[in-house]
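Thank you for making time for this. I would like to walk through one structure with you, going from place to place along the chain and stopping where there is something to look at.

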Amino acid sequence: MAILEILKLGHPTLTKKAVPVEKIDDQLRELAKNMIDTMHAAPGLGLSAPQVNVSKRLITVDLSLGEAEEEMIVLVNPGILKQEGKVVREEGCLSVPEIFEKVARPQRVVIKGTDLEGKERIIEGADLLARVFCHEIDHLDGRLFIEWLSPLKRNLIKKKFKHKAETGRK
Ligand code: NI
């Protein structure tokens with residue numbers, strides 16, 4: 001078990017487009033395992049590889065926060081096949097701690113990726129699950145949830161984090 005460092009807003013890896021995973025090997029499986037541990041320890045509902053400084057298309061999602069193993073989802077190269085509806089709700093991110101803002105997301109999505117055995121998985125998610133899927137897939141495209149806010153709000157948050165980094169406050 002390893003807890004990885006979660007990058008914070010301002011780190012360049014967070015705004016980079018992650019590359020597709022070409023080979024599922026032991027190294028990737030180890031990364032996924034560590035991401036799950038890191039996500040549960042945080043705690044968070046989802047995590048993407050770029051948040052632990054690995055610019056690859058891999059996400060972990062667990063709405064049960066580690067309470068129910070069957071809810072654990074690990075997806076390699078996930079993409080949105082279908083989306084519908086719209087729900088506006090408060091959202092946060094482990095890379096932007098203590099900031100919660102309203103963001104519009106689809107009410108329902110169908111996403112496609114593979115599991116750690118390379119088997120194709122198609123998963124339908126509604127409400128919170130749809131939100132987390134969209135949030136994590138955004139990370140893979142170098143997009144943090146604050147990109148969906150007004151430029152004014154976004155710049156205030158960015159400034160706050162820049163100041164935090166400079167003054168070394170946590
Ligand atoms: Ni996030």
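Let me start with Ser 55, which sits in the loop between strand E1, residues 46–48, and strand E2, residues 58–61. I should say at once that this is a predicted model, and everything that follows should be heard with that in mind. Is Ser 55 buried or exposed? With a relative accessible area of 18%, Ser 55 is buried, because the cut-off for that word is under 20%. Once its neighbours within four places in sequence are set aside, Ser 55 is in contact with Lys 16, Lys 17, Ala 18 and Val 19. The loop between E1 and E2 also holds Asn 53, which is partly exposed at a relative accessible area of 42% and has a positive phi, near 70 degrees, although the residue is not a glycine.

Now to the metal. Which protein donors does the nickel ion have? They are Cys 93 through SG, His 135 through NE2 and His 139 through NE2, and they lie 2.1 to 2.3 Å from the ion. Written as a pattern in sequence, the spacing of these donor residues is C-x41-H-x3-H. Cys 93 belongs to the loop between strand E4 (87–91) and strand E5 (101–105), whereas His 139 belongs to helix H2, residues 128–140, so this pair ties together parts that are 46 residues apart in sequence. Cys 93 counts as buried at 9% relative accessibility, and His 139 is buried as well, with a relative accessible area of 1%.

Staying with helix H2, I would point to Phe 133, which lies in that helix and is buried with a relative accessible area of 0%. Leaving out residues up to four places away in sequence, Phe 133 touches Ile 59, Val 61, Ile 73, Val 109, Ile 111, Ile 123 and Gly 125. The C-alpha atoms of Phe 133 and Ile 80 are separated by 8.7 Å, while the two residues are 53 apart along the chain. Ahead of this helix, in the loop between strand E7 (120–126) and H2, we find Asp 127, another residue other than glycine with a positive phi, in this case near 55 degrees; Asp 127 is partly exposed, at a relative accessible area of 45%.

Two of the residues that Phe 133 touches, Ile 59 and Val 61, bring us to strand E2. Both faces of E2 are covered, with Leu 58 and Thr 60 buried on one side and Ile 59 and Val 61 buried on the other. E1 and E2 run antiparallel and are joined by three bridges, and Gly 46 stands opposite Val 61 in E2. E2 also pairs with strand E3, residues 73–84, in the antiparallel sense over four bridges, where the bridge partner of Ile 59 is Leu 75 in E3.

Next, the nonpolar cores. The largest has 16 residues, and those touching the most other members are Leu 28, Leu 31, Met 35, Leu 58 and Val 74. H1 and E3 each supply at least two residues of this core, and the largest share, six residues, comes from H1. Leu 28, again without residues up to four places away in sequence, touches Val 21, Lys 56, Leu 58, Val 76 and Leu 116. A second, separate core of 14 residues includes Val 61, Ile 123, Leu 129 and Leu 140. In the loop between helix H1 (26–41) and E1 lies Pro 43, and the peptide bond leading to Pro 43 from Ala 42 is cis, with omega near -10 degrees.

I will finish with helix H3, residues 151–167, whose 17 residues reach 24 Å from the first C-alpha to the last, close to the 24 Å expected at 1.5 Å a residue. The buried residues of H3 are Arg 154, Ile 157, Phe 161 and Lys 164. Why do they fall on the same side of H3? They do so because they cover an arc of only 90 degrees around the axis. These buried residues pack against E5, while on the other side of H3, Pro 151, Leu 152, Leu 156, Lys 159, Lys 162 and Glu 166 are exposed. After H3 comes Gly 168, with a positive phi near 70 degrees.

Key. Residues numbered from 1 in each chain as written. Predicted model: local features only at pLDDT ≥ 70, side-chain atom pairs only at ≥ 80, totals over all residues. Heavy atoms only, no water. Buried < 20%, exposed > 50% of the residue type's maximum accessible area, 1.4 Å probe, protein only. Contact = heavy atoms within 4.5 Å. Donors = N, O, S within 2.8 Å, 3.2 Å for Na, K, Ca; no water. Expected span 1.5 Å × (residues − 1). Arc of directions from axis to C-beta. Pairing = 2+ DSSP bridges. Core = buried A, V, L, I, M, F, W, Y, C linked by side-chain atoms within 4.5 Å.
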